[in-house]
Amino acid sequence: MDAEGAWRVGQLRRAAAAALIGTAIEFYDFFIYGTAAALVFGVVFFPGLGAVGALLAAFSVYAVAFLARPLGAVVFGHFGDRVGRKATLVVSLLLMGLATAAVGLLPGFAAWGWWAPAVLVVLRVCQGVGLGGEWGGAALLIAENAPAARRGRYGGFLQLGPTIGFVLANGVFLALQLGLGERAFRAWGWRVPFLASFALVAVGLFVRLRIEESPLFRAMERTEERGEKGRTGSGCRCWRWCGSTGVRWWRVGARSPVGYALFYLTTTYSLAYATSGLGVASTLVLAMLLVGAVGMAGTVWLSAERSDRWGRRRTLRWATGLAAGWALVLFPLLESVSRPLMFVALAGAMVVLGCMFGPVAAFLPELFPTRVRYTGAALTYNLGGVVGGALTPLVATRLMAAYGTAQPVGWYLAGLGVLALGCLRLLPETTGAELGAVDGGRRRAPLWGADPAA
């Protein structure tokens, strides 16, 4: 390997490490709210509303962040496409980390009255905006450095970040519940995972400040300085690009809700439903989810790597079909209240989720040209969270209250899966596409991907 090849390999490894660590930290920050909402936030911030009312209120604030994520995708995507990926990712990490730590310092309803949930909403919005800008930029760090033939494999590093964040979040809550006991945990122990964000952000900043800017972004800047292409400073071009190919843009966005829905039904709603509705100990459910997350990590890596051989779209179609099918058995297995069957339900859902998540970090960046890739990838990824992540726990709670069983929730989830399959059928195959700065990648590339803007 020559000197340039060695430099590229080193840059790719640093970018993959920075993306993995930063994304794991940000998703840890994001996930601990969901766990706390399912376990304690109804009592801490919404007392007096009744069990269902408090849970709905906690999940409503939970949903606010998903509504804010597309806004974060647009704002951070604009600046990421204009000033660079690295600086934007540093700001998103700071915003998420400080907002999360502030939740740990926030007094409850007993001390501040309605000001407490009001401030909680503001902090949750900040979390959503920060995460909205995180994933797209991290995906680009890897995709724009990785060789075309192995872009899916390296994208798998990024997709392990949410899994690691989930394991950290639930592991911390499980350890605190077992170590402190229920009374101390509800009184103050739930704040510890949020306050730990101060230390995690410091680690993330140390890693991200040491990486270099994406070579494709630097090449695009050089091209535009020569006057060969229009300036990104004239405004975000994603809207104009989407104006000409808006049909594909919405197909990409409509593909995402089923993954979000299955994930948050499994990790958040199922936790609340099993503990409050089925009488199962929260520590047992958390332990099942943690074991399932190990399986999820394995299938994330497997599907990401295989997408380089099988194709992104083909891999995602198979995984989405599995998700639609599993949706129909998830809640019947849970409602059996049999410990082995409940484990199969939760662990199986996590394994299927890994198959769905693996190829996405390569697939979405391959659909957009360099000058709008941050905005395009981030926005399409986060739009699915509005339906799949924000609305699904609320819909599930309402369906459960109306029918007395969670089985209709499975049909709702299966319907999202059928919609996603239809959208995937209409999207192009992008495996091996060249991430050029001009045409968004419809040509095939050599191993390290020639850059037409260089």
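This passage follows helix α1 from a buried threonine to an aromatic cluster and on to a cavity in a predicted model.

A good place to start is Thr 23, which sits in helix α1, spanning residues 3–45. Thr 23 has a relative accessibility of 0% and therefore counts as buried. Its side chain reaches back to the backbone oxygen of Ala 19, at 2.7 Å. Beyond the neighbours within four places in sequence, Thr 23 is in contact with Glu 134, Ala 138, Leu 158, Gly 161, Pro 162 and Arg 208.

Further along the helix come two phenylalanines. Phe 27 and Phe 31 both belong to helix α1 and are four residues apart, about one turn of the helix. Both are buried. In the model as a whole, 21 aromatic pairs are counted. Phe 27 and Phe 31 make up a tilted pair, with 5.5 Å from centre to centre and 50° between the planes. Together with Phe 166, Phe 263 and Phe 357, these two residues form one aromatic cluster.

Phe 31 also leads to the next feature, a cavity. The structure contains three cavities of 30 Å³ or more, and the second largest encloses about 60 Å³ of space. Its lining consists of Phe 31, Gly 34, Thr 35, Tyr 62, Phe 166, Asn 170, Phe 263, Tyr 264, Thr 267 and Thr 268. Two or more residues of this lining come from each of α1, α6 (151–180) and α13 (257–277), and α13 gives the most, with four. In character, the lining of the second largest cavity divides into five nonpolar and five polar residues, with no charged ones.

Note on methods:
Residues are numbered from 1 along each chain as its sequence is written. This is a predicted model: local features need pLDDT of at least 70, side-chain atom pairs count only at pLDDT 80 or more; totals for chains, interfaces and linings use all residues. Side-chain values use heavy atoms; hydrogens and water are left out. Buried means under 20% relative accessible area, exposed over 50%, partly exposed in between (1.4 Å probe, protein chains only). A polar contact is a pair of N or O atoms within 3.5 Å; within protein, one must be able to donate a hydrogen and the other to accept it, and residues adjacent in sequence count only if both atoms are side-chain atoms. Contact means heavy atoms within 4.5 Å. Rings of Phe, Tyr and Trp (its six-membered ring) pair if their centres lie within 6.5 Å; planes under 30 degrees apart count as stacked, over 60 as edge-to-face and the rest as tilted. On a 1 Å grid over the protein atoms alone, a cavity is a set of points where a 1.4 Å probe fits but cannot get out, and a pocket is an open set with protein on both sides within 12 Å along at least five of seven lines; lining residues have an atom within 4 Å of a point. Grid points are joined across faces, edges and corners, and a volume is the space filled by probe spheres set on the points. Ala, Val, Leu, Ile, Met, Phe, Trp, Tyr, Cys and Pro count as nonpolar, Asp, Glu, Lys and Arg as charged, and the others, Gly among them, as polar.
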